[in-house]
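Subject: The two-chain model, with notes

Hi,

Here is the model I promised to pass on to you. Please have a look at it first, and then read my notes underneath.

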Amino acid sequence: MKGVRLVSFLAAAIVVASCGSPPTSSGNTNTYSGKVIKLGAILSITGAGGVYGPQSRDGMNLAVKQINAAGGVLGATITLTINDDASLKATAAQLTQTLIQSEQDLALLGPTLSNSAVGAHPLAESLKTPILAVSTTGIHIVPDCNWSAATQDSTPCKYVFRDSLGEQTAIPNNIQSYANDAHPATGVLLVASDDKFSSDGGQIVQDTVGKYGINLLKVIKFSKAQPDLSGEVTQAVQLKPDVIFITSLGGIPAKIMTEARKQNWTGQFLGGNGFNTATVSAQAGAAGMGARSASAWYLGNTFPSNAEFVSAYRTEYNKDPDQFAAQGYAAINILADAAKRANLTFTDLAGDRDKLRATMETVNIQTPLGPFQFTPQHDVKQTVWVIAMDGKGGFTLVHKITTPTA
Amino acid sequence: MGQQLLDAIFIGSIYALFAVGYTLVFGILDILNLAHSAVFMFGAAITYSLVVNHGQSFWVACVLGVAACGVMGLVIEYICLRPLRRRRAPPIAALISTIGLALIIVAAIEQGRPGTFFAWLWVDGANSVAFPTGAVPNPTWHVAGLTLEASRIAIIPITIVLMVVLGYVMRFTQVGRGLRAVAENPRAARLMGLDVDRMITLTLVISSALGGLAGILFGVALGDISPYIGRDNVEVRGLAVIVLGGMGSIPGAVAGGYLLGLIELIAFLALGSNARLGVAFAALFLMLVLRPQGLFGAQLREKV
């Protein structure tokens, strides 16, 4: 009987102890159980970036649902608010301030567009709140979020991270892979010069093509508000280039491809992150068939957690995920892992934000994007997938680049 | 150069067709209907949706799309304009009211995704979509180095014929005389026994139907249908067109549309694509300074 009492006492002691302190693997001393981890996402659900934002949102919501269903982060529940910046830089900045100061969110995600990140990220940095970009691929997103042509300020930003593949890696690898395959001699670049994402991509193309023997015949700049791009496409096609580079986003790539094919141009389209969603591939249709881009993710990738993610996403939304969904899903898991190890107090918000920032730097988890760690510059280093539009709204894999060159 | 000229005439036709709706309402009511760009988008969106999501043939969808835009004209009149007119609200109130309706229409389309309330209307949210290949008869010919696409070529005669018909109606029919009487002096028209409200309603229905048709043609020819095609592509340009052509003048709107298309082309060829809008608005500024009444507008005189 004494033995039974002793065992019962020990069992009760263990239960009480386990309730009172988190698992030893996290190294935490504070209690998470019953607490709330508030996250806020700033996404372009409407406007030009509305092609990409909803997928990020769906990926994030799925991850939050899964984590909370599995008991949360050491017992703490994640709450995520999705905030639409309407693809506007000013709105993104305003939301950043509201979520940090009024809503008192622990960390933020987004915004969708590089153009908006220029407004939002420096604000999060100055308010010392971690912000994880999930789809922004432009130049100077990380590490130097305060950089501008006027200031040339390249001081590293401590609170800004991204899990999206920068165009400085993606575009050169895409160009290199096509140059190796087909040895193109000439190209024309079509670039929306009033958009940061597009103009950054255009700059990267101009900086890269020479390395692979491609003579850039002309750079045709246009405004993203130009309704009819047939004049610009005619100018490009008349130069008979082997490649047309398109670094724009939203509906523009499909417009350009459709017009060029109508004019019987049979060369290769090479693009950037703007290509990497089924919506753009579907809009381009047959005209887009074979158009190549480098992607951070591919539906059929064999990373262990990708199959689980794809299956759960299909069950939840009855459709396939895309790169943006995978990056949103990965982002929530990255923040959850960092929060688990951060020994959050839930009483000292500024201190918690700083602890989270510190543990984000040491994240090392499996995601649908592959094994994930941030570089010292808070950027992502990962496998690059060169994909091609299949003419039916999907993509086929062309190359898997495990050690990207840039 | 031939191709570029053809493209300029095509886009000029779209501007003209769109701007006629603006100018018609301005001519009769002396107010700008800023919901017109949303109606332009609505025409394209609903036609696309009828074809792709509801299995209608393109021609049936086209007729229904134009009709739906005509109904939208009724909404503009009965919700945005008539109540304000009854209260003798200043024109600025009507302007704001139509901006509000435009925002509501765009937001409704933006929210249209599978499983939402607006899914019957639109399921593509903020995405830009195009009619699937084969859904719209659109043969393309290559003649003497020019690419002639049926959807682009057709817009030119459609615009011209519609403008001729509209011009005839306005000039030689009972309805047209009634509309012109209302435009000249609504109070006198009412004293002469004309149903002014009915005339205004008719104006908005015609104007919105034309705006919707312009949107459909734009969507077919450019393969770009999204909640923002009106706001981003034609709203400001439409205003420029009616200033160039003369506020309230139908021939002016047509001439202004083609003129804007040509100015944009010249700017593109001479200075590059980014100069298009800058040069176009510089021309607009010049017109306002040198000939404020526009190409076909009457001399502005203050009534005392």
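Let me begin with a small puzzle: where in chain A is the place of P111(A)? The answer is the loop that runs between β3 and α4 of chain A. The residue caught my eye for its peptide bond: G110(A) to P111(A) is cis, and omega is near -15°. Do keep in mind throughout that this is a predicted model.

Chain A has a second bond of this kind, from V142(A) to P143(A), which is cis with omega near -5°. P143(A) sits in the loop between β4 and β5 of chain A. While you are looking at loops, try K240(A), which has a positive phi of about 50° although it is not a glycine. You will find K240(A) between α7 (230-238) and β8 (243-246) of chain A.

Chain A overall

The secondary structure of chain A consists of twelve helices and 14 strands. Its radius of gyration is 23 Å, close to the 22 Å that the globule rule gives for 406 residues, so chain A is as compact as a globular protein of that length. Along the principal axes, the C-alpha trace of chain A spans about 95 × 45 × 35 Å.

The chain is divided into two domains, and both are made of two segments: domain 1 of chain A covers 27-165 + 301-374, and domain 2 of chain A covers 168-295 + 386-401. Their centres, taken over C-alpha atoms, are separated by 29 Å. Where they meet, 15 residues of domain 1 of chain A are in contact with 16 residues of domain 2 of chain A. On the domain 1 side, α4 (114-126) and α11 (323-341) of chain A each supply at least two residues. Of the elements on that side, α4(A) gives the most, with three residues. By class, the domain 1 side divides into eight nonpolar, six polar and one charged.

The sheet in chain A

Five strands of chain A form an open sheet with parallel pairing, in the order β2-β1-β3-β4-β5. The edges are β2 (77-84) and β5 (160-162) of chain A, each of which pairs on one side only. From one strand to the next, the twist averages 25°. Within the sheet, β3 (residues 107-109) and β4 (residues 131-133) of chain A run parallel and are joined by two bridges. At this pairing, L108(A) stands opposite I131(A) in β4(A). Helix α2 (residues 53-69) of chain A lies across β1 (36-43), β2 and β3 of chain A, and runs at about 165° to β2(A).

Chain B overall

Chain B has eleven helices and two strands. Read along the sequence, the pattern is α-α-α-α-β-β-α-α-α-α-α-α-α. A compact globule of 304 residues would have a radius of gyration near 19 Å, and the 19 Å of chain B agrees with that. The C-alpha trace of chain B spans about 55 × 50 × 35 Å along its principal axes.

The two strands, β1(B) and β2(B), form a hairpin with two residues between them, and A144(B) in the turn has a positive phi of about 50°. Four bridges join these antiparallel strands. One pair to look up is W141(B) and its bridge partner in β2(B), L148(B).

Among the helices, have a look at α9 (residues 229-245) and α11 (residues 276-290) of chain B, whose axes come within 9 Å and cross at roughly 35°. The crossing is left-handed. From α9(B), A240(B), V243(B) and L244(B) meet A280(B), F281(B), L284(B), M287(B) and L288(B) of α11(B). The residues of this contact divide into eight nonpolar, no polar and no charged.

Where the chains meet

What does the contact between the chains involve? Here 30 residues of chain B are in contact with 31 residues of chain A. The elements of chain B that give two or more residues to its side are α1 (2-29), β1 (140-143), β2 (146-149), α9, α10 (250-271) and α11. The most come from α1(B), with four residues. By class, the chain B side has nine nonpolar, 15 polar and six charged residues.

Enjoy exploring it, and all the best!

Technical notes. Residues numbered from 1 in each chain as written. Chains lettered and ligands numbered in written order. Predicted model: local features only at pLDDT ≥ 70, side-chain atom pairs only at ≥ 80, totals over all residues. Axes fitted to C-alpha atoms, helices over the stretch in contact; angles between N-to-C directions. Left-handed = near helix turned anticlockwise from the far one by under 90°. Contact = placed C-beta atoms within 7 Å. Nonpolar A, V, L, I, M, F, W, Y, C, P; charged D, E, K, R; others polar. Pairing = 2+ DSSP bridges. Domains from an automatic or database assignment. Rg over C-alpha atoms; globule rule 2.2 N^0.38 Å.
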